[in-house]
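Work through the following exercises with the sequence and the coordinates at hand. Each task is followed by a stepwise solution.

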Amino acid sequence: MKKQHLILAFSLGSLFLSAQNKNEFVNPNENLIAENILPIPKSLNQAIKKYSESRNAGLADIHPNGKDVIAVTRFASTNQLHKISFPMGDRKQITFFDEPVNMASYEPLKGEYLIYSKDIGGNEFGQLFKLDLKTLESKLLTDGGRFPKWRHKMEKRRVGIFLCFNKRNGGDRDIYFMDPLKPEDTKLILEVKGGGWGISDVSEDGKKILIEEYVSANESYLYIYNLDTKKLEPITDRNEKGIVQENASFGKNPDEIWYITDRDNEFNRLATFNLKTKKTSYLTSSIPWNVEGYDVSEDKSKIIFTTNESGINKIYILDTNSNTFSPVKLPIGLVEGTKFTKRRKIFLFYDVDSQFRFGYL
C-alpha cells in the first residue's frame, strides 16, 4: 500500500513539475483565495470541459403557424434562443447576449414578435423583453417581471399579457396587464404582498385568471381573480401548509381546473379541482412517480404529461372525456419539452444518448 502511495505521489509530482516547467497551471483570479490546493494543470481543465461545458436544449414555443419552433440552446457559456423552421433543419441563433435567455413565447395570433425573459448583470430580476422577429431588435418591457400569460381568444378585447412584476415598490410582485406594443399603457390589476406570485392561466373569455402564490419548493397556493368583479378568491386552503399546488389551467368544464399537487401523496399528481364543490379528483394515482409537467390541446380534449420515473422521463396522453391515459412509446431518454400545436399535433423535444431530437408525434 505504501509503495502504491509513493508511486502515485511521484506520478502527480512529475505531472505538476512538467506543467510548471511549461507554465501551464490554472491561475485563480484575484478575488479567489486558494489555500492548500495543489496546482491544477491547464491540460486537466481542458480535459473536463466536455463534462462541465456540455450543451443542452429545450423547447420554448411553437409559432402560430405550427411549423417554426423556438428552442433554448446553450452554446459557449449561456443559453440563447434559436429558431428552427422544419424537422432536421439548422438552428438559427436569434439572441446574442452575455446573460442567459431561458424562456420565450410567440405573440399568439401572427407570431411577429417574441416575449423573452433575461436578467441584467445576473441580478435575477427576470426582465421581460420584446424581440421583433423581422429586425431582431429587443425592447425592455419590464424591469423585474415573472413570465407572462397571453390574453387573445376573447372578442372585443385587446391582445396582451398578464404578468407579475415589482414596479410598485421593488419587492411585491403585483399583477398587471400590458399590450407589448404599448408598454407605456401598462395597467395595474391587483396589488399583492410578497415576491412569489405568478400567472398560471387565462380563461378563454379573458375575464378570469388563475394565480399561483409560490412560498417554497414544498408549498404553493392557487387563486382565481375575476377581472369584472375585482375579486380574488382562494382555490386551495391557505391553512394547509407544506403542500405543492401548481401549474393550474382552466379545464374543459368551466367549473373545474387542472393542476399538479402532492396533496395526500408522496408524489406530484395531475388532478382536477371542482370550483363549486371544492373537491379534488386525482388522475394519475396509478403512476407512483412525479408528474413534472403537462400541456393541454386547444380544444381541451387531450392532455400530454411527462413523468420522472427513476430519472427517466416518460410521456402519457390523457383523454379528458374519459380521464384515461396511455403511455407514448419512445426510446429511453429525457424530455426537454412537449407542446400541442393548434392542429392538435404534439411537438416533442427529446434527448436520447446526448443527442437532442425534435419532431411531431
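Contact means heavy atoms within 4.5 Å. The model is a predicted one.

**Exercise 1. Describe the overall make-up of the protein chain and its contacts.**

Step 1. The secondary structure comes to two helices and 27 strands.

Step 2. Of the 361 residues, 44% count as buried. The protein chain exposes about 20700 Å², and carbon and sulfur atoms supply 49% of this area.

Step 3. Take the contacts between residues at least 6 apart in sequence: 30% of them join residues at least 24 apart.

**Exercise 2. Find where the predictor's confidence is low and where it is high.**

Step 1. Mean pLDDT for the protein chain is 85, with 86% of residues at 70 or more.

Step 2. Compare the elements. Helix α1 (residues 2-21) has the lowest mean pLDDT, 49, whereas strand β18 (residues 256-261) has the highest, 97.

Step 3. Over residues 5-10 pLDDT stays under 50, and the model gives this stretch zero contacts beyond four places in sequence.

**Exercise 3. Which residues have the most contacts inside the largest nonpolar core, and which strands supply at least two residues each?**

Step 1. The largest nonpolar core has 16 residues; F162, I175, I189, I209 and I211 have the most contacts inside it.

Step 2. Strands β10 (160-165), β11 (174-178), β12 (187-190), β13 (197-202), β14 (208-216) and β15 (219-226) each supply at least two residues of this core.

Step 3. Apart from this core lies another, of 12 residues, including I287, V291, I303 and Y316.

Step 4. Return to F162. Not counting residues up to four places away in sequence, F162 touches P148, K149, R151, Y176, F177, I189, I199, V202, I209 and L227.

**Exercise 4. Is L44 buried, partly exposed or exposed, and which surface patch includes L44?**

Step 1. L44 lies in helix α2 (residues 42-52).

Step 2. The relative accessible area of L44 is 46%, so L44 is partly exposed. The cut-offs are under 20% for buried and over 50% for exposed.

Step 3. L44 forms a nonpolar surface patch with V26, I37, I40 and I48; together they have about 420 Å² of accessible area.

Step 4. As background, nonpolar side chains in soluble globular proteins tend to be buried together.

**Exercise 5. Characterise the surroundings of E233.**

Step 1. E233 lies in strand β16 (residues 231-234).

Step 2. With a relative accessible area of 43%, E233 is partly exposed.

Step 3. Leaving aside neighbours within four places in sequence, E233 is in contact with Y223 and I224.

Step 4. L222 is 11 residues from E233 along the chain, and their C-alpha atoms are separated by 8.9 Å.

Key. Residues numbered from 1 in each chain as written. Predicted model: local features only at pLDDT ≥ 70, side-chain atom pairs only at ≥ 80, totals over all residues. Heavy atoms only, no water. Helix = DSSP H or I, 4+ residues; strand = E, 2+ residues; numbered from the N terminus. Buried < 20%, exposed > 50% of the residue type's maximum accessible area, 1.4 Å probe, protein only. Patch = residues over 30% accessible without salt bridge, like charges linked within 9 Å, V, L, I, M, F, W, Y side chains within 5 Å. Areas by Shrake-Rupley, 256 points an atom, 1.4 Å probe, with all protein chains shown as cover. Salt bridge = Lys/Arg side-chain N within 4 Å of Asp/Glu carboxyl O. Core = buried A, V, L, I, M, F, W, Y, C linked by side-chain atoms within 4.5 Å. pLDDT = per-residue confidence, 0-100.
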